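Grab a pencil and open the structure viewer. Let's work through a few short exercises together.

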Amino acid sequence: GSGMVSNGILATTVVNSGWISNFTLTTTGKLSGGVVTGYIKNEGIMLDFEFKGRSIIGGTLGGVITNTSRVGGYFQNVTLLANTKITGGLLIGTIRGNKNAPALLENVRVKSGSKLSGVKLGKGVKLEKGVLLEDKQ
């Protein structure tokens with residue numbers, strides 16, 4: 001539904017047409033659409049959303065994701081589904097795409113010491129020193 005959901009636990013499939021903030025997505029959780037903000041702990045799957053928050057840590061991301069955070073929002077230690085597209089923001093830690101259908105990164109900054117695999121670097125990608133690129137396309 002639309003509206004704002006905050007400080008919850010998602011353990012089911014939710015199609016978001018509003019805002020979702022500060023939540024934990026469990027291993028059975030699946031979120032798609034809408035705007036996501038705050039601090040997200042992800043053990044599930046998040047698809048096709050706009051991110052305006054501080055962090056998404058863990059889990060699986062897919063579809064078309066736009067990071068328009070104005071507070072240095074980042075995705076950390078995430079797995080990317082086939083043909084995911086991420087535009088904007090920061091990536092930190094281990095970012096694993098599908099090497100047969102790599103994720104496309106655009107206008108993203110990858111923090112020092114991160115490890116990327118199964119991704120294609122599109123326009124405007126900035127790699128800080130010490131980023132490890134495996135199976136570079």
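Three exercises follow, each with a worked solution.

This is a predicted model, where local features need pLDDT of at least 70, side-chain atom pairs count only at pLDDT 80 or more, and totals for chains, interfaces and linings use all residues. Residues are numbered from 1 along each chain as its sequence is written, and side-chain values use heavy atoms, with hydrogens and water left out.

**Exercise 1.** Work out whether Thr-60 is buried or exposed.

Start with its place: Thr-60 sits in strand β12, residues 60-62 (strands are DSSP runs of E, at least two residues, numbered from the N terminus). Next, recall that buried means under 20% relative accessible area and exposed over 50%, with partly exposed in between (1.4 Å probe, protein chains only). Thr-60 has 16% relative accessibility, so it counts as buried.

**Exercise 2.** Find which strand supplies the largest share of the largest nonpolar core.

First, the term: such a core is a set of buried Ala, Val, Leu, Ile, Met, Phe, Trp, Tyr and Cys residues joined through side-chain atoms within 4.5 Å. Here the largest one has 27 residues, and Phe-75 is among those with the most contacts inside it. Strands β14, β16 and β17 each supply at least two of its residues. The winner is β14, with 3 residues.

**Exercise 3.** Name the residues that form one aromatic cluster.

Rings of Phe, Tyr and Trp (its six-membered ring) pair if their centres lie within 6.5 Å. The structure holds 2 aromatic pairs. Look at the phenylalanines: Phe-49, Phe-51 and Phe-75 make up the cluster.

Definitions and conventions:
Helices (H or I, at least four residues) and strands (E, at least two) are DSSP runs, numbered from the N terminus. Rings of Phe, Tyr and Trp (its six-membered ring) pair if their centres lie within 6.5 Å; planes under 30 degrees apart count as stacked, over 60 as edge-to-face and the rest as tilted.
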